[in-house]
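These are my notebook entries on one protein model. I record what I looked up and what I found.

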Amino acid sequence: MDGSGGTVDAGRRMPPGGARRVATGAVLLALVVSAFEGTVVTSAMPTITRELGGDSLYSWVFSAFLFASTVGVLVSGKLADRLGRKPVFFAGMGLFLVGSALCGLATSVPALVGFRVLQGLGAGALQPTTLTISADLYTLRERAAIQGMFTGAWGAANALGPLIGGWLVMHASWRWVFLVNLPVGVLSALLLHLSYRDPSRHGATALDAWGPVLAGSTVALLLFALEPGAAQARGVCALGAVGMAALFVWQQRRTAAPLLPGALVMDRTVVSGIAGGLFAGALLYTLSAWVPLWMTERGGYSPIGAGLALVPMLLGWSVGSTFGVKVLVRGGMRASVGLGFALAATGAGLLSVAALRGWGVPATFAALALVGMGVGPAASSSLLGPQSRAPWQYRGIVTSTLYSMRLLGGSLAVAALSLARGHFAVQFAIAAGLTALAALGMALGAPGLEGNVTREG
């Protein structure tokens, strides 16, 4: 389907044509459905926990999804390089849609949390695979040119998600927040099946099951350690997480198939991308989880009004990402990621003051827009910079690692800030401080223009 009836062989970077357009559309739909799921729940969650009970598990509905997505991402990168992009994409989409259907049928919050784990595993396989496919279809400079389309679709899905979620809660049922994913996901899988062919793979990438298991166990113990409860139990979980992390490092140094090859671990661009993804996810998912709750509990807004609060940040993300990639090409990650985090930290700081002083909606929206315009280029450049450095056979691994860091940062930050639940100004101030720390780290350690040399053909 490249205009002459064939399918896209991404390994040869076939010229523009019908197949590449259809494959791009499939990737966009997959990004839309995953991005939509990431934010449509935010405005519905206060209603869901109120209807089903289990208000104490509010943060776990987010953290469970992000934790499972992290594990799914860690596994999918190796599988995409070994088995091909399409099989992993279809498996991830299947898990995601089954999880979505079960979430829509949940009768209790504990059951919802369990189904969110299944949904998150699918999303974890789906999201980095779609980004890897887009990297196969376009060179770095081509991706810079079309980044506006990708970020625009992603930003629109994120921006509309809270509004649609609020509308569904008020006029239909919160269950449709999950069920709405089904037709879009099926269409995306069908389009990709018709248009995209995996490139030939020369040699098999070794698989290692222990790495994802140990990494996932470490994150799970950290999440339990951050949950409110008995100090003794939390201490045991924290010590267990430290021990599991040490075991993970020991195992990765000895395995023939580490989650990230040693040569890439030593690459300054890749390391900067890992750190950037961690902090970008922490800020994005923290505000996505707690801003709607702040608006409903303290502001008295409806679910639609609470969802509307996230629109400025998500639209700012979309606009900022478009400019951020251009800055990345011309000035390196130090400029794009460092300045982005500095801008986002300023916005988060203003949001904290708005929560403390009771500033009105216009000031709150302006602060959130500033956050989005900063974290957008920081997150996008943290992915695209390292992705362009990796050889083809490692691109899936690099993409999955970077994306898992974004999810890991989000899951840990949402769980950690649940300890300060109800003190929204404190939560936002902590998020601002972490983001400022990230800006400083990027200014000191991220590569500049000299780090823009890529290995792409």
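Before I checked a helix length, I noted the rule: the expected span of a helix is 1.5 Å times one less than its number of residues. I also noted that this model is predicted.

**Entry 1: helix α8**

I applied the rule to helix α8, which has 16 residues, 210–225. At 1.5 Å a residue the helix should span 22 Å, and its end C-alpha atoms are 22 Å apart, so the two values agree. I then looked up which residues of α8 are buried, and I found G211, P212, L214, A215, G216, T218, V219, A220, L223 and A225.

**Entry 2: the chain as a whole**

I looked up the elements of the protein chain and found 16 helices and two strands. The chain has 457 residues, and buried residues make up 58% of them. I next looked at contacts between residues at least 6 apart in sequence; 84% of these join residues at least 24 apart.

**Entry 3: the largest pocket**

I asked which residues are the closest to the centre of the largest pocket. The pocket has a volume of about 660 Å³, and 21 residues line it. Closest to its centre are A215, F248, V249, L259 and M405. A215 is also one of the buried residues of α8. I noted that α2 (58–83), α8, α9 (231–254), α11 and α15 each give at least two residues to the lining. Sorted by class, the lining holds 15 nonpolar, five polar and one charged residues.

**Entry 4: the second largest cavity**

I searched for cavities of 30 Å³ or more and found four in the structure. I chose the second largest cavity, which holds about 50 Å³ of space. Its lining consists of F279, A282, L283, T286, A413, L417, A431, L434 and T435. Two or more of these residues come from each of α11 (268–297), α15 (392–417) and α16 (424–445). Which element supplies the largest share of this lining? I found that it is α11, with four residues. By class I recorded seven nonpolar residues, two polar residues and no charged ones.

**Entry 5: residue A413**

I followed one lining residue of that cavity, A413. Its place is in helix α15. Is A413 buried or exposed? Its relative accessibility is 11%, and buried means under 20%, so A413 counts as buried. Leaving out residues up to four places away in sequence, I found that A413 touches A282 and T286. Both A282 and T286 also line the second largest cavity. I further looked up A413 and I430, which are 17 residues apart in sequence; from C-alpha to C-alpha they are 9.7 Å apart in space.

**Entry 6: aromatic pairs**

I reminded myself that a pair of aromatic rings is described by the distance of the centres and the angle of the planes. My search of the whole structure found three aromatic pairs. One of them joins W174 and F178, whose ring centres are 6.3 Å apart and whose planes stand at 90 degrees, so the pair is edge-to-face. Both W174 and F178 are buried. For W294 and F428 I recorded centres 5.5 Å apart and planes at 70 degrees, so this pair is edge-to-face. W294 lies in helix α11 and F428 in helix α16, so the pair ties together parts that are 134 residues apart in sequence. I found W294 and F428 both buried.

Technical notes: Residues are numbered from 1 along each chain as its sequence is written. This is a predicted model: local features need pLDDT of at least 70, side-chain atom pairs count only at pLDDT 80 or more; totals for chains, interfaces and linings use all residues. Side-chain values use heavy atoms; hydrogens and water are left out. On a 1 Å grid over the protein atoms alone, a cavity is a set of points where a 1.4 Å probe fits but cannot get out, and a pocket is an open set with protein on both sides within 12 Å along at least five of seven lines; lining residues have an atom within 4 Å of a point. Grid points are joined across faces, edges and corners, and a volume is the space filled by probe spheres set on the points. Ala, Val, Leu, Ile, Met, Phe, Trp, Tyr, Cys and Pro count as nonpolar, Asp, Glu, Lys and Arg as charged, and the others, Gly among them, as polar. Rings of Phe, Tyr and Trp (its six-membered ring) pair if their centres lie within 6.5 Å; planes under 30 degrees apart count as stacked, over 60 as edge-to-face and the rest as tilted. Buried means under 20% relative accessible area, exposed over 50%, partly exposed in between (1.4 Å probe, protein chains only). Contact means heavy atoms within 4.5 Å.
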